[in-house]
Amino acid sequence: MKNQPTPSPISLSPLAWALLAGLALIWGSSFLSNRAALVGADVFTVVFIRVSGGAVLLWLWVAFRKIPVGRDPRILLHFSVMGLLNNAIPFTLIVWGQKHIDSGLASILNASTAIFGALIAAMVFRDERLSARKSLGIAIGFSGVIVAIGPGALGGFDLTSAGQIAILGAATSYGFAGAYARFATRKMRPEVAAAGMLSAGAIWTLPLMLVFDGVPTFDFAPSVWAALIWLAVGCSSLAYLLYYRILALAGAANLALVTLLIPPVAIVAGWAVYGERLGWAELIGFALLAVGLMILNRRPKSG
């Protein structure tokens, strides 16, 4: 697995663009699927079905392709930490947050993952120190987050504010997961890393589901089942396979474009299905966040 950013972006081929668009559609639809699943299932149940179903499918893929898993006992520790930081915590916070805010706003706030990731990487790795360019990108990105949530969100704290903070907490958890993955998954095949962390995410989530939600009855409505199946099959197993395929084809810098493509998908889907409408503050906030992310991910020309 390649962990160092490429010195300059690799040109995107038509295939890479198609895969990138597909990944954006899949992950953008996850916010709509979360809302649909919450109609008939509780938070931890949604998360557990997503991660456990995704894990089963990815392990089947690993077995089918005869991909070596590795025998280093430390791999279980890495799976456990990644499953907590990259799946159990952020998925739970996002699904809970979506009980109180619209899908489009949730996707905008989730796009701040790259901002938190850059800050955390700068604190952990010597070669990721904040340059003037990165600092500018982070500052503009955070200003977009503040505009999107509204300056009065904390002053009149309510469930809507808590939902927004939950999504930002998920973005922070993703940032820590990215830093941890840089050294923890260096010697793992990406398919194994994804399957392992989803499995660990399921183990982390199972007791919480049983305590807070109870044993699922599985008598969900067809629309709820469709959302849950898509979260497991599409948004987890298929999405990770696409993610690493794009990484190999186009590099990390181009892959970061998916962060900017997900919110428009989620915003349009939320409007089309549920009639969600975002205000100007949210849209301006996303525009600022997008500018910050583009500055943050821009690579200086070599030579």
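Which residue forms a salt bridge with Asp72? The partner is Arg74, and the closest N and O atoms of the two are 2.9 Å apart. Welcome to this structure, which is a predicted model. Asp72 and Arg74 are a handy starting point, as both are among the residues nearest the centre of the largest pocket. From there, the briefing moves on to a cavity, the other salt bridges and a nonpolar patch on the surface.

**The largest pocket**

- The largest pocket has a volume of about 350 Å³.
- Its lining is made up of 14 residues, and those nearest the centre are Asp72, Arg74, His78, Ala184 and Lys187.
- Two elements give two or more residues to this lining: helix H3, which covers 74–97, and helix H7, which covers 159–184.
- Helix H3 gives the most to the lining of this pocket, with 3 residues.
- Sorted by class, the lining of the pocket has 7 nonpolar residues, 5 charged residues and 2 polar residues.

**The second largest cavity**

- Rolling a probe the size of a water molecule over the atoms shows where empty space is left.
- There are 2 cavities of 30 Å³ or more.
- The second largest cavity holds about 30 Å³ of space.
- His78, Phe79, Met82, Thr185, Met188, Ala193 and Met197 line this second largest cavity.
- His78 is worth finding in the structure, since it is in the lining of this cavity and is also among the residues nearest the centre of the largest pocket.
- Helix H3 and helix H8 (190–213) each supply at least two residues of the cavity lining, and H3 gives the most, with 3 residues.
- The lining of this cavity has 5 nonpolar residues, 2 polar residues and no charged residues.

**Salt bridges**

- Side chains of opposite charge can pair when their charged atoms come close.
- The structure holds 3 salt bridges.
- In the pair that opened this briefing, Arg74 is exposed because its relative accessible area is 55%, over the 50% cut-off.
- Its partner Asp72 counts as partly exposed, with 35% relative accessibility.
- Another salt bridge brings together the side chains of Glu276 and Arg35, at 2.5 Å from N to O.
- Glu276 and Arg35 link distant parts of the chain, as they are 241 residues apart.
- Glu276 is found in the loop between helix H10 (258–274) and helix H11 (280–297), while Arg35 is in helix H1 (residues 14–37).
- Glu276 counts as buried because its relative accessibility is 7%, under the 20% cut-off.
- Arg35, in contrast, is partly exposed, with a relative accessible area of 27%.
- A further salt bridge joins Glu191 and Arg189, whose closest N and O atoms are 3.6 Å apart.
- In this pair, Glu191 counts as buried at 16% relative accessibility, whereas Arg189 is partly exposed at 37%.

**A nonpolar patch on the surface**

- Val56, Leu57, Leu60, Ile229 and Val233 make a nonpolar surface patch of about 420 Å².
- The elements that give two or more residues to the patch are helix H2 (43–65) and helix H9 (222–255).
- Helix H2 gives the most to this patch, with 3 residues.
- Leu57, one of the patch residues, has its place in helix H2.
- Leu57 is partly exposed, because its relative accessible area of 35% falls between the 20% and 50% cut-offs.

Technical notes: Residues are numbered from 1 along each chain as its sequence is written. This is a predicted model: local features need pLDDT of at least 70, side-chain atom pairs count only at pLDDT 80 or more; totals for chains, interfaces and linings use all residues. Side-chain values use heavy atoms; hydrogens and water are left out. On a 1 Å grid over the protein atoms alone, a cavity is a set of points where a 1.4 Å probe fits but cannot get out, and a pocket is an open set with protein on both sides within 12 Å along at least five of seven lines; lining residues have an atom within 4 Å of a point. Grid points are joined across faces, edges and corners, and a volume is the space filled by probe spheres set on the points. Helices (H or I, at least four residues) and strands (E, at least two) are DSSP runs, numbered from the N terminus. Ala, Val, Leu, Ile, Met, Phe, Trp, Tyr, Cys and Pro count as nonpolar, Asp, Glu, Lys and Arg as charged, and the others, Gly among them, as polar. Patches are made of residues with over 30% relative accessible area and no salt bridge: like charges are joined within 9 Å, nonpolar side chains (Val, Leu, Ile, Met, Phe, Trp, Tyr) within 5 Å. Accessible areas come from the Shrake-Rupley method with a 1.4 Å probe; for residues, only the protein chains shown count as cover. A salt bridge is a side-chain nitrogen of Lys or Arg within 4 Å of a carboxyl oxygen of Asp or Glu. Buried means under 20% relative accessible area, exposed over 50%, partly exposed in between (1.4 Å probe, protein chains only).
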